[in-house]
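Trainee: I have a new model open on my screen. Could we walk through it together, one question at a time?

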Amino acid sequence: DFLCISLVNGFAQLRYNLGDKTVILQTLQKVHASGNTTWHSLKAGRVGNEGYLDLDGINVTQKASPGMNALDTHTDFFVGGGPLVNNLFTVHKTCVENEPTSFTGCIREIVINNRELKLTATDPKGGANVGDCDGTVCGYTVCKNSGTCQVENSGFSCSCPQEWTGTTCEQSIYCSQNMCGSHALCIPQPFSFSYTCVCALGWSGKYCDSKIKFYIAKFVGNSYIKYTDPFYGKRDLQYSRISLNFTTNQTDGLIVWMGKSEDEDNDFLAIGIANGTLKVVINLGERIAVPLMHSKYFTCCDGRWHFVTVVQNQTCIKVYFDEELILFEDIDPQRKYTALNYGGICYFGGFEIGKKVNIVTTGLFQKGFMGKIKDVVLFQDSRKIQLMKAEGYNIYDGN
């Protein structure tokens with residue numbers, strides 16, 4: 001299996017093979033190598049086995065056909081060239097049309113599955129013969145928020161759009177005179193020419209200057225708690241378990257996500273509400289997660305407290321709702337993956353500020369949780385999680 005982007009006779013080309021056949025897409029227009037500093041925007045990828053290739057806004061799509069739809073690659077990711085053996089590329093001959101040669105030019109802002117790669121001298125795993133493309137102190141990300149960079153004798157300066165200020169245009173003008181305390185984030189509100197303070201866990205008030213304690217966590221939709229399991233290294237990940245009490249009157253929301261939430265390869269166990277029904281999703285490594293839903297239970301959004309427990313015994317999943325077993329399913333009788341490698345991370349209610357629930361969960365859940373959570377227990381622990389000691393924002397005392 002492979003996915004490869006290359007230049008062929010002036011055209012950009014995407015080739016991928018999911019195990020059965022090589023699909024080839026080529027842009028309609030050429031990339032003109034005139035030696036000037038014109039940057040081109042290239043977007044390429046696939047949904048199942050349907051591919052797309054977009055150069056500067058002109059799209060080419062390969063419609064899906066019967067066949068394989070998973071890209072099974074567990075190798076390093078190469079940019080600008082391939083792995084070298086005796087100065088020859090070791091890529092398969094179907095990856096490129098002609099004899100493989102290295103790329104000459106500039107590359108910036110590579111985003112894979114919504115995560116940007118850091119193209120610095122220190123962040124990549126390795127490389128050779130790569131230099132600074134810009135050649136000045138101005139790089140494309142030096143000035144934030146569409147600011148323009150100018151080279152100065154003393155370094156550089158940024159010319160900022162009217163709604164941004166600061167040496168690198170990093171601060172909204174609406175937050176430049178903010179009164180948020182040290183335990184808060186300032187979130188600009190351009191429509192009201194103002195700002196709001198988003199409080200860190202354990203703080204409350206308009207400016208987040210009032211310390212609070214809670215045993216019941218109240219979530220308001222753009223809230224989250226990120227808990228790091230101190231016993232993760234000692235867990236038997238083939239036999240996971242989580243239980244908690246929750247109450248809500250909303251018909252959609254992510255209650256808990258056991259997993260790192262970084263990319264599609266991460267294992268996870270998720271509990272939430274979708275269309276008024278309890279929804280449990282677990283992924284032990286197959287990339288394709290099968291949601292478990294029980295249409296009978298529309299009572300989970302009635303504003304009352306409900307108790308939910310999810311037990312993973314290798315590939316067998318049990319879900320209890322108010323002490324009643326409502327789901328019992330073997331998600332993979334072949335036992336290919338049997339452990340929940342969740343990285344010791346549990347999110348409650350949502351994800352970090354700036355991360356959207358529907359994007360991180362790839363549409364499994366649409367938005368953050370609005371309601372209350374209490375009495376969270378992991379595995380067979382005798383003590384409840386102390387949510388107060390985690391990290392998070394916008395959490396209120398739900399008592």
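**A walk through the model**

Mentor: Happily! Keep in mind that this is a predicted model. To begin inside, about 60 Å³ of space lies in the largest cavity.

Trainee: How many cavities of 30 Å³ or more are there?

Mentor: Rolling a probe the size of a water molecule over the atoms shows where empty space is left. With the cut-off set at 30 Å³ or more, the count is 1 cavity.

Trainee: Which class, nonpolar, polar or charged, gives the most residues to the lining of the largest cavity?

Mentor: Among the residues lining the largest cavity are Tyr-16, Leu-18, Asp-20, Lys-21 and Gln-62. By class, that lining has 3 charged and 3 polar residues, against 5 that are nonpolar.

Trainee: Which strand gives the most to the largest nonpolar core?

Mentor: In soluble globular proteins, nonpolar side chains tend to be buried together. Here the largest nonpolar core has 45 residues, and Ile-225, Ile-242, Phe-246, Ile-271, Val-319 and Phe-348 touch the most other members. With 4 residues, the element that gives the most to this core is strand β19 (residues 217–228).

Trainee: How many residues are in the second, separate core?

Mentor: That second core includes Val-198, Leu-254, Val-281 and Phe-351. Its count of residues is 15.

Trainee: What distance separates the centres of domain 2 and domain 4?

Mentor: The chain is divided into four pieces: domain 1 (2–116), domain 2 (135–177), domain 3 (179–212) and domain 4 (217–397). Taken over C-alpha atoms, the centres of domain 2 and domain 4 are separated by 40 Å.

Trainee: Is Cys-301 buried or exposed?

Mentor: Cys-301 lies in the loop between β24 (290–293) and β25 (306–313). Its contacts include Thr-248, Asn-249, Gln-250 and Ile-273. Buried means under 20% relative accessible area. Cys-301 has 14% relative accessibility, so it counts as buried.

Trainee: What separates the C-alpha atoms of Cys-301 and Asp-252?

Mentor: Along the chain, Cys-301 and Asp-252 are 49 residues apart. In space, the separation of their C-alpha atoms is 8.8 Å.

Trainee: And Thr-165: buried, partly exposed or exposed?

Mentor: Thr-165 lies in strand β13 (residues 164–165), and it touches residues including Cys-160, Glu-170 and Ser-176. Partly exposed covers the range between the 20% and 50% cut-offs. The relative accessible area of Thr-165 is 29%, so Thr-165 is partly exposed.

Definitions and conventions
Residues are numbered from 1 along each chain as its sequence is written. This is a predicted model: local features need pLDDT of at least 70, side-chain atom pairs count only at pLDDT 80 or more; totals for chains, interfaces and linings use all residues. Side-chain values use heavy atoms; hydrogens and water are left out. On a 1 Å grid over the protein atoms alone, a cavity is a set of points where a 1.4 Å probe fits but cannot get out, and a pocket is an open set with protein on both sides within 12 Å along at least five of seven lines; lining residues have an atom within 4 Å of a point. Grid points are joined across faces, edges and corners, and a volume is the space filled by probe spheres set on the points. Ala, Val, Leu, Ile, Met, Phe, Trp, Tyr, Cys and Pro count as nonpolar, Asp, Glu, Lys and Arg as charged, and the others, Gly among them, as polar. A nonpolar core is a set of buried Ala, Val, Leu, Ile, Met, Phe, Trp, Tyr and Cys residues joined through side-chain atoms within 4.5 Å. Buried means under 20% relative accessible area, exposed over 50%, partly exposed in between (1.4 Å probe, protein chains only). Helices (H or I, at least four residues) and strands (E, at least two) are DSSP runs, numbered from the N terminus. Domain bounds come from an automatic or database domain assignment. Contact means heavy atoms within 4.5 Å. Lists of a residue's contacts leave out its neighbours within four places in sequence.
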